[in-house]
Protein chains: 4
Amino acid sequence: MSRQPASQAEVAAFIATEFPQTPCVVRHVAPGEATVVHPVGQAELRPGGTVSGPVLMGVADVALYVAILGTIGIQPMAVTTQLSINFLRKPAGDRAIVGACRLIKVGRTLAVGEVSLYSEGLDEPVAHAVGTYALPGPTSAA
Amino acid sequence: MSRQPASQAEVAAFIATEFPQTPCVVRHVAPGEATVVHPVGQAELRPGGTVSGPVLMGVADVALYVAILGTIGIQPMAVTTQLSINFLRKPAGDRAIVGACRLIKVGRTLAVGEVSLYSEGLDEPVAHAVGTYALPGPTSAA
Amino acid sequence: MSRQPASQAEVAAFIATEFPQTPCVVRHVAPGEATVVHPVGQAELRPGGTVSGPVLMGVADVALYVAILGTIGIQPMAVTTQLSINFLRKPAGDRAIVGACRLIKVGRTLAVGEVSLYSEGLDEPVAHAVGTYALPGPTSAA
Amino acid sequence: MSRQPASQAEVAAFIATEFPQTPCVVRHVAPGEATVVHPVGQAELRPGGTVSGPVLMGVADVALYVAILGTIGIQPMAVTTQLSINFLRKPAGDRAIVGACRLIKVGRTLAVGEVSLYSEGLDEPVAHAVGTYALPGPTSAA
């Protein structure tokens, strides 16, 4: 399977198909990195006006996937194998969540990246995640 | 703040308020353990008919919280600080997700537990998570 | 590469070669599980008479490896790709560390297991780890 | 307990006492960051001439601790509660391991940081870790 970076438009179209439930928007993608944005509305809030943990985990997962697609091209068979997240600060209830991913390894069978999650416009991260995707092998396109 | 186990009815009522978006149902809760069930419908599926990762992460988070409430009582201030999940097998698209949590530590300020996630009725786990909750301190009830 | 469980004697001999610096002893090994023991002496202690974190991480890593070898046979090419550990309680300074591993997945390319770590003879775990090994592919024995 | 950054000399002296077995040298420390170096010799190698995983985990743990001490001052009671590490590439057997830590949160009771680990002089990280330390509370100096 050839590995050619996908453009932002290609990635955005693919994510819309693959994660039809996600409201995440692809803001930036380039080899080795990506930024996605998740609007925050009533559905994402918990009492106290903060964004729920699973929403943050979902943003981290999508940011990783987008960065991988932007690096090796559209890979419908790439799947998350591991995700670890630290929740650092209470997200604002009235700001979108921004997930900025940087890949730290893209190997033959595994890609690993880290994601910093922010309430849009604020400096300090609300969470930090590290995740691994298993990549389809070079022979799987046989 | 007194620490008395909460009953299944008390926990279920609290979860319905605190996580209003979660469709998780509390099936079992006792000191140190809990089982929750998340129905699977179109909204939880990805192409290929499998349950999305963020749904599994959400079930793990709720299972941990339910086990903690069932052990130390209703604590609206308990928050997840860390969650790590391994995705092991593709979940079935036509079965509910069951999350079975066992707490491995309930300390003064932190509780740690592990959660095995299953497609209901199948033996092999689809994912395994370990998470930490920060607990409100004994003095916070002042 | 054939996958046949290795015996305790085979695993112990291999570990002595592969991890020559580890003082870990293989106490039990069977398909899907293993127990190893790490003696505790002056070299493992930190001020306050407790066992250092890196020692616990090392025991978890060896326990995982032993369980994998006991399940799929001697695999010199298996390598740890990820390890996550929670430190739960202060280990006793005068007791060996026991690591009990249970594999939760042994796939074609990845194996995942959890390890409970104890001060020998005490009931409550001092730490809990989850780790992943990358396994050499079936074609790598070519 | 007052929280004043400690100098490199203060941190180095403390680490030598607290982790007497570690050969790690403190190369750099400043509020929010630290770099430590672990020489590599025969004792750190596994067959194949690579550095063992537990050595890398130990370097990550020390780098985190040094960064915390450099930020909030000498805290003998700070303890690791969680560490998660991804092994990315085979370390060189003839180069020291460098651990560069950046703290991403220093709260009242928890500090979280990430550590990139390198074979000295090479650009691509051999491992990446994220860890949490529990900090002694402000009242514990009573």
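These are my notebook entries on a predicted model.

**Entry 1: strands in chain B**

I began with strand S2 of chain B, residues 33–38. I asked how many of its six residues are buried. Five are, and I noted S2(B) as mostly covered.

Next I looked up the partners of S2(B). Strand S1 of chain B, residues 25–30, pairs with S2(B) in the antiparallel sense. I recorded five bridges between S1(B) and S2(B). Strand S6 of chain B, residues 97–106, also runs antiparallel to S2(B). Six bridges join S6(B) and S2(B).

I then followed one residue, B:Glu33. Which residue stands opposite B:Glu33 in the pairing of S1(B) with S2(B)? I found B:Ala30 there. In S6(B), the bridge partner of B:Glu33 is B:Arg102. I therefore logged B:Glu33 with two entries, B:Ala30 and B:Arg102.I checked the link between S1(B) and S2(B) as well. The two strands form a hairpin, with two residues between them. B:Gly32 sits in that turn and has a positive phi of about 90 degrees.

**Entry 2: helix H2 in chain A**

I turned to helix H2 of chain A, residues 53–72. How far apart are its end C-alpha atoms? I read 29 Å. At 1.5 Å a residue, the 20 residues should span 28 Å, so the two values agree.

I also looked up burial. I found 20 of the 20 residues of H2(A) buried, so the helix is largely enclosed by the rest of the structure. Here buried means under 20% relative accessible area.

Just past the end of H2(A) I stopped at A:Gly73. Its phi is positive, about 95 degrees.

**Entry 3: chains C and D**

I superposed chain C on chain D. What turn lays one on the other? I got 180 degrees, with a shift of 0.0 Å along the axis and an RMSD of 0.0 Å. The two copies are thus related as by a two-fold rotation axis. I noted that 100% of the contact residues of chain C recur in chain D, so the same surface serves both copies.

Which residue of chain C comes closest to the rotation axis? I found C:Ser84, with its C-alpha at 2.0 Å.

Then I went through the interface itself. Chain C gives 24 residues to the contact, and chain D gives 24 residues. The buried area between the two chains is about 2,000 Å². Carbon and sulfur atoms give 48% of that area. I searched for salt bridges across the interface of chain C and chain D, and the rule finds zero.

Technical notes. Residues numbered from 1 in each chain as written. Chains lettered and ligands numbered in written order. Predicted model: local features only at pLDDT ≥ 70, side-chain atom pairs only at ≥ 80, totals over all residues. Heavy atoms only, no water. Buried < 20%, exposed > 50% of the residue type's maximum accessible area, 1.4 Å probe, protein only. Helix = DSSP H or I, 4+ residues; strand = E, 2+ residues; numbered from the N terminus. Pairing = 2+ DSSP bridges. Least-squares fit on C-alpha atoms with pLDDT ≥ 70 in both. Contact = heavy atoms within 4.5 Å. Expected span 1.5 Å × (residues − 1). Buried area = accessible area lost by both parts, 1.4 Å probe. Salt bridge = Lys/Arg side-chain N within 4 Å of Asp/Glu carboxyl O.
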